[in-house]
Amino acid sequence: MAKKKYYVVWVGRETGIFETWDDCKKQTDGFPKAVYKSFKTRELAEQAYKTESKEFIGKDIFETVLTAEQLKLIGDPIKESIPVDGAWNTATGIVEYQGVYTDTGKNLFRVGPYEDGTNNIVEFLAIVHALAYCKQHNLKLPIYSDSRNAIGWVRDKQARTNHEKSDKNKKLFELIDRAIKWLNENEYGNEILKWETKAWGENPADFGRK
């Protein structure tokens with residue numbers, strides 16, 4: 001019996017994580033410059049979809065356990081910090097995001113749900129919300145995200161989404177515009193760090209819906 005695989009589609013008719021090859025093929029077969037890859041675990045597929053495809057395409061990314069040496073190099077997460085995460089329902093397109101305090105797990109903010117969004121969009125909004133929260137409360141805490149894409153968007157002060165605007169997601173795109181405006185008008189001293197899921201386990205701000 002063939003082992004279960006999960007298929008990440010970064011570029012296709014629809015993007016996301018698909019649980020069968022037939023579903024993946026529907027999104028990629030005949031689609032110009034489709035980008036997709038299979039993974040052995042749902043966790044790794046989730047992580048891959050939050051990351052740029054170039055980090056995985058052409059590489060044998062099937063490792064699910066880090067060595068002791070790798071764990072030592074990564075170290076431990078900073079307890080005095082704010083991890084953020086987004087949730088995206090692949091079936092409905094409903095999205096939301098939240099931020100928590102690492103040491104206690106206390107929820108600091110939770111925003112949404114909004115219609116017709118993407119994971120990258122809410123991951124980006126979550127980081128900017130955390131930055132604004134810290135500025136408002138005069139906090140210099142580092143902010144963790146497990147999305148390299150979102151971290152890059154914040155660094156570049158632009159949301160590089162290809163998601164189309166619609167009547168359903170009008171509010172969401174208004175939030176994107178506000179976030180970009182905030183980034184261009186404010187300075188911050190908070191570090192934005194990558195949450196190392198394979199070393200530390202699930203992001204504390206994860207919605208627990210996998």
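**Packing of helix α4 and the surroundings of W88**

In this predicted model, helix α4 (residues 119-136) packs with helix α5 (residues 148-156) at an angle of about 55 degrees, the two axes lying 8 Å apart. Because angles from 35 up to 65 degrees fall outside the ranges for roughly parallel and roughly perpendicular pairs, α4 and α5 are oblique to each other, and their crossing is right-handed. On the α4 side, the contact is formed by N120, I121, E123, F124, I127, V128 and L131, which meet N149, A150, I151, W153 and V154 of α5. By class, this contact of α4 with α5 comprises 9 nonpolar, 2 polar and 1 charged residues.

Helix α4 also packs with helix α6 (residues 170-185), their axes coming within 10 Å and crossing at roughly 45 degrees; α4 and α6 are therefore likewise oblique to each other, but the crossing in this case is left-handed. Here I121, F124, L125, V128, L131, A132 and K135 of α4 meet L172, L175, I176, A179, I180, W182 and L183 of α6, and the residues of this contact divide into 13 nonpolar, no polar and 1 charged.

A further set of contacts centres on W88, which lies in strand β4 (residues 82-88). Apart from its neighbours within four places in sequence, W88 is in contact with T15, G16, Y49, G93, I94, V95, G117, T118 and N119. With G117 there is a polar approach, in which the backbone oxygen of G117 lies 3.1 Å from a polar atom of the W88 side chain. The C-alpha atoms of W88 and Y114, which are 26 residues apart along the chain, are separated by 9.7 Å.

How values were computed
Residues numbered from 1 in each chain as written. Predicted model: local features only at pLDDT ≥ 70, side-chain atom pairs only at ≥ 80, totals over all residues. Heavy atoms only, no water. Helix = DSSP H or I, 4+ residues; strand = E, 2+ residues; numbered from the N terminus. Contact = heavy atoms within 4.5 Å. Polar contact = N/O pair within 3.5 Å; in protein donor to acceptor, adjacent residues only side chain to side chain. Axes fitted to C-alpha atoms, helices over the stretch in contact; angles between N-to-C directions. Parallel < 35°, antiparallel > 145°, perpendicular 65-115°, else oblique. Left-handed = near helix turned anticlockwise from the far one by under 90°. Nonpolar A, V, L, I, M, F, W, Y, C, P; charged D, E, K, R; others polar.
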